[in-house]
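Welcome, and thank you for taking a look at this one with us. Please keep the sequence and the 3D view at hand while you read.

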Amino acid sequence: MPSLPPEGDPAPLDGSLPVDALTTLGSRPFGFYVHVPFCSTRCGYCDFNTYTADELGPGASRASYVDQAVAEVRMARRVLGDVDLPVETVFVGGGTPTLLPPGDLGRILAAIRDEFGLARGAEVTSEANPDSVTAASLAALRDDGFTRMSFGLQSTAPHVLQVLDRTHTPGRAVDAVHEARAVGFEHVNVDLIYATPGETEADFAASLQAAADSGADHVSAYSLIVEDGTRLAARIRRGELPDVDDDVAADRYLQADSALTAAGLDWYEVSNWARPGAECRHNLGYWRGDDWWGVGPGAHAHVGGVRWWNVRHPVAYAARILVGESPAQAREQLSAEDRRVEDVLLRVRLHEGLPLAMLTNAGRMVAADAVRDGLAEQSAYDEGRVRLTLRGRLLADALVRDLVD
Ligand SMILES: C[S@@+](CC[C@H](N)C(=O)[O-])C[C@H]1O[C@@H](n2cnc3c(N)ncnc32)[C@H](O)[C@@H]1O
Ligand code: SF4
C-alpha cells in the first residue's frame, strides 16, 4: 500500500458509489480487506499505516476498533445493495491484527458472514507478528473460521532481526507456524525480507531453509525497501548502516527462487511462491482486478472501476464512523485505459502471464523484444500470453514500465 494516497475526487459522505460501478458486481470474485492499524512497537524499516499505543492519541483505541470495523461492514452492505455477493476471500492485515483479542477478529468475520455470507471454501487470512500469538489464540481464530495465517518471519539471523528492530526470536516464528498447523490452519504463509545490511548469503540460506522446513505452504520474499522517513532511512543517511545493495538484492532473489523451487514451492507472482493450490486467492484478486471492500483506517477498495481509500488516522476514522459517515477520504473513477494499464502492470508479474491482447501495438513490440532478449517467453499452454523468465523477473519493474509507455 503506498504511503501517500493520490489526491482523487471527493467521496460522498453516505459512501454511495456510481450506479455504473455496481452493475458488474458479482461477476468477479468479491473480497474484504480489513486493516488493523496497531503494533506494539514500530519496526525501523516499516512505513505502514500503523500506530503504537503512544502514537494513537485520544479518540481511538484498540478496544473500540472492533465496533467501528463492524459498522463499516454494515455500511458496505447498505452501499452495495442486496445483490447476492458471497465473499470469496477475507484478509485481515496490518499493523498487527493479532494484537486484538481473537474474539474481536472473530466478530468482524461474523459481521461479514452475517451481512454477505461466505462462499463455500472461502479463504480467510490473518496476518500476525509471531510474538503476538499463542497456540490458544491461534486455536480461537481457527474456531472462529480463519483458514490461513501469515506470519512475519523476516529472517532467522539474530543480527538481521536486530537491524530490522524485530521483537521476536528466530525460533518463535517457526514455532508459530507449527502451532498454526497443529490447530488445523489449512494454509500458512511466512514473509521474508532479504538484502538487509549485514545479511550474508549464508544468513539468507538459513532463513529460506527455515521457511521451507517450517510447514508453511506459501512464502512471500521482498527485498528490504528503504522507505523515506523511517528510522532505517535515517540510520543509513547518518552512515550507521550501509544502504541496500541492488546487486546483492538480485543475487538474493535468485537464491530465493532456487531454494523455494527445490522445496516444492513454485513462483506464481514475482515475490510469491506457493505449493500448488496454496496460492493466496485474496492477493490474486488484487492482481487480477477483482472487487474488494477495504475496511479500516487508510484501507483501499475497488469496486467496478471505482477505487477509494479511507482516511488514514484511526482518530479521523473513528470520528467518521461514530457519526454514521463513510470513512472514505477520496476516490477515483478509472477510465477504460487506466484499467488496462493497471491490469498490464499487475498481470505481467503473474506466472499465469499477460494476455497479449491487453497490449497496444507498441506494447506488443516491447513484449516481442523482451522475448527475443530472454526476459519473457510465450507461455507453453497459451500462445496468446507472455510470461516473465527468471531474468525477466529480476528486471520486472523496468520492463513493465516499457510495456505501457
Ligand atoms: C503488515 S506486515 C506483517 C505482519 C506483522 N505486522 C509482522 O510484521 O510480522 C507485512 C509485511 O510487510 C513487509 N514489509 C513491511 N515493510 C517493508 C519494507 N520496508 N521492505 C520490505 N518488506 C517490508 C514485511 O515482510 C512484513 O512481514
Ligand atoms: S510489526 Fe509489521 S506492521 Fe508493525 S511495524 Fe513491524 S513490519 Fe510494520
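The report below covers the ligand site, the backbone around it, a sheet, the cysteines and one strand residue.

## The model and its ligand

Please bear in mind that this is a predicted model. A good place to begin is ligand 1, which has 17 residues around it. Those that come nearest are G95, Q154, R166, D191 and I225. Sorted by class, the shell is made up of six nonpolar, seven polar and four charged residues.

Which atoms make the polar contacts here? D191 offers a polar side-chain atom that lies 2.7 Å from an oxygen atom of ligand 1. Two backbones take part as well: a polar backbone atom of I225 is 2.9 Å from a nitrogen atom of the ligand, and a polar backbone atom of Y45 is 3.1 Å from a nitrogen atom of the ligand. How much of the ligand does the protein cover? On its own, ligand 1 has 550 Å² of accessible area, and the protein covers 92% of that. Three elements give two or more residues each to the shell, namely β4 (118–128), β5 (148–154) and β6 (187–194).

## Backbone features worth a look

Some background helps before you turn to the backbone: most peptide bonds are trans, and most residues other than glycine have a negative phi. Against that, the bond joining G94 and G95 is a cis peptide, with omega about 15 degrees. G95 sits in the loop between β3 (87–94) and α4 (102–116), and you have already met G95 among the residues that come nearest to ligand 1.

Q154 is another residue from that nearest group. Its phi is near 70 degrees, a positive value in a residue other than glycine. Q154 lies in strand β5 and counts as buried, at 6% relative accessibility. D165 likewise is not a glycine, yet its phi is positive, at about 65 degrees. You will find D165 in the loop between α6 (158–163) and α7 (170–182). Is D165 buried, partly exposed or exposed? With a relative accessible area of 26%, D165 is partly exposed.

## A three-stranded sheet

Further along the chain, three strands form an open sheet in the order β14-β16-β15, and their pairing is antiparallel. Which strands stand at the edges? They are β14 (354–355) and β15 (376–378); each has a single partner strand, so one side of each has no neighbour in the sheet.

The pairing of β15 can be followed in detail. Three bridges join β15 to β16 (residues 385–388), and the two strands run antiparallel. One residue pair to pick out is E377, whose bridge partner in β16 is R387.

## Cysteines without disulfides

How many disulfides does the structure hold? The count is zero. Take C280 as an example: the closest cysteine sulfur belongs to C46 and is 18 Å from the sulfur of C280, which is too far for a bond, because a disulfide needs the two sulfur atoms within 2.5 Å.

Two cysteines can also be placed by accessibility. C280 counts as buried, at 0% relative accessibility. C39 is buried as well, with a relative accessible area of 11%.

## A residue in strand β13

A328 makes a good last stop. This alanine lies in strand β13 (residues 328–333) and is buried, since its relative accessible area of 5% falls under the 20% cut-off. Along the chain, A328 and A263 are 65 residues apart. In space, their C-alpha atoms are separated by 43 Å.

Key
Residues numbered from 1 in each chain as written. Chains lettered and ligands numbered in written order. Predicted model: local features only at pLDDT ≥ 70, side-chain atom pairs only at ≥ 80, totals over all residues. Heavy atoms only, no water. Buried < 20%, exposed > 50% of the residue type's maximum accessible area, 1.4 Å probe, protein only. Near = heavy atom within 4 Å. Polar contact = N/O pair within 3.5 Å; in protein donor to acceptor, adjacent residues only side chain to side chain. Areas by Shrake-Rupley, 256 points an atom, 1.4 Å probe, with all protein chains shown as cover. Helix = DSSP H or I, 4+ residues; strand = E, 2+ residues; numbered from the N terminus. Nonpolar A, V, L, I, M, F, W, Y, C, P; charged D, E, K, R; others polar. Pairing = 2+ DSSP bridges.
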